[in-house]
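Grab a coffee and open the viewer. Here are a few exercises to work through, each with a solution you can follow step by step.

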Amino acid sequence: MPSKDRLAPFRADLDAIAAGGRTRRLIPRAGVDFASNDYIGLAGSLRLANAVRRALEEGVPVGAAGSRLLRGNTEWHEGFEEAAARFFGAESALMLGGGYQANVAVLATLPQRGDLLLMDDLSHASTREGARLTRAEVAEFRHNDAGHAGDVIRGWRAGGGRGAVWICVESLYSMDGDRAPLDDLAPLADREGFLVVDEAHATGVWGPDGRGLSYALEGRGNVVTLHTLGKALGGSGAVLTLPQVLRDFIVNRGRPFIFATAPSPLMAVAATEALAILKDEPERRDRLQDLIDLFAAELARRLPHLPPSGSQIVPLIVGAEAPTMRLAARLQAEGLDVRGIRPPTVPAGTCRLRVSLTLNASPADVTRLAEVLEDAWPNS
Ligand SMILES: Cc1ncc(COP(=O)(O)O)c(C=O)c1O
């Protein structure tokens, strides 16, 4: 035993978290799925499983066995990237191990010294992580306020900012379910620099064939789009769609890409199949839309003060932390897996239930969720 207890600071920090009632625990899956990002039910789909099974039988290796630059590059990664560039309508595509890694790779690599990385103030933790590593200056604009984004840029230019501006948004916000004003931000990006769109929660769900909400911007010389493969596409990983020169730049300069083992070739196979499913099975998106409409109608009838989000992510804002977590516990006790979300994931005072609608829940499950919510909602 070392004389000094080196684990003491960690215990003390965990004690502080516990004192605030914010200990996180990994719990087994239980109840009806109102918490995952498996929006169109692909994670457990037979077609995806069969594609992976066939691939295994044909000898596709489980592991890539190296970084893409050191023997980890396979025909399945390249095949998927070609399919993804075609599917999304981009000049090129680059697969990475996850959306978190992809955001960090983009933001740590592409914005240069003298540029401005300008992000929505509700940006995901992975965008913030990328912003910590970037060479560019960093600023934020008020959530979904393109006018404010313009003001921040004007202020930066007035202060001598000369470089390119990298405007970073999520097309559909993960904790709010609302959409970025892409129609206003794209012209701003055309004047000032680049637009980076994280489609994590829109890919596979929104846009023609599930191509995402920025489908009309794909292929432009100043747009980088991040599609995750671990949410609606049912596997894991991410793919960037972007101009060829920016792909080449990340391959040459992007440390999170260069110094990481390539994703499993099986995931490249799964993702290729998932894109085919998006084209072949539009009814999955139609059924999800029916669930969205049903939940909105049930809420309007039972808890009319709660606004619908217009997407498959429905935040039900409670406010304070304790009643939010009590409500989540009650729903879970009723077999409905809804999670309470609190700081630091969302701003203080906006604790919420994040209801995620997926094809893993039936219309009857959605109605039951609304019934229990009506019964259990604080002061309703
Ligand atoms: C908006 C957003 N971007 C990126 C990520 C990270 O993606 P991944 O889970 O593939 O690492 C997430 C995941 O929660 C997300 O919500």
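Keep in mind that this is a predicted model.

**Exercise 1. Find the buried residues of helix H9 (residues 244–253), and work out why they sit on the same side of H9.**

Step 1: Go along H9 and pick out the buried residues, which are Leu-246, Arg-247 and Ile-250.
Step 2: Look down the axis of H9: these residues cover an arc of only 105°, so they end up on the same side of the helix.
Step 3: Recall the geometry. An α-helix has 3.6 residues a turn, so residues three or four places apart point the same way.
Step 4: Now check the face turned away from the buried side of H9, where you'll meet the exposed residues Val-245 and Asn-252.
Step 5: Finally, see what the buried residues of H9 pack against: strand S2 (92–96), H5, strand S7 (223–228), strand S8 (238–242) and helix H10 (255–258).

**Exercise 2. Describe the shell around the ligand.**

Step 1: Count the residues that surround the ligand, and you get 13.
Step 2: Pick out the closest, namely Gly-98, Gly-99, Tyr-100, Ser-174 and Ala-200.
Step 3: Ask which element gives the most to this shell; that's helix H5 (residues 99–109), with three residues.
Step 4: Sort the shell by class, which leaves you with three nonpolar, eight polar and two charged residues.

**Exercise 3. Split the protein chain into its domains and describe how domain 1 touches domain 2.**

Step 1: Start from the domain assignment, which gives domain 1 as 28–42 + 282–376 and domain 2 as 60–280.
Step 2: Take the C-alpha centres of domain 1 and domain 2, and you'll find them 27 Å apart.
Step 3: Tally the contacts: 17 residues of domain 1 meet 16 residues of domain 2.
Step 4: On the domain 1 side, helix H12 (283–302) and strand S9 (313–319) are the elements that give two or more residues. The largest share, three residues, comes from S9.
Step 5: By class, that side of domain 1 has nine nonpolar, five polar and three charged residues.

**Exercise 4. Is Ser-356 buried or exposed, and what does Ser-356 touch?**

Step 1: Locate Ser-356 in strand S12 (residues 351–356).
Step 2: Count its neighbours. There are 25 other C-beta atoms within 10 Å, and the cut-off is 20 or more, so Ser-356 is buried.
Step 3: Leave out residues up to four places away in sequence, and the contacts of Ser-356 are Phe-34, Ala-35, Ser-36, Asn-37, Gln-312 and Ile-313.

Terms used. Residues numbered from 1 in each chain as written. Predicted model: local features only at pLDDT ≥ 70, side-chain atom pairs only at ≥ 80, totals over all residues. Domains from an automatic or database assignment. Contact = placed C-beta atoms within 7 Å. Helix = DSSP H or I, 4+ residues; strand = E, 2+ residues; numbered from the N terminus. Nonpolar A, V, L, I, M, F, W, Y, C, P; charged D, E, K, R; others polar. Near = placed C-beta within 6 Å. Buried ≥ 20, exposed ≤ 12 C-beta atoms within 10 Å, placed from the backbone. Arc of directions from axis to C-beta.
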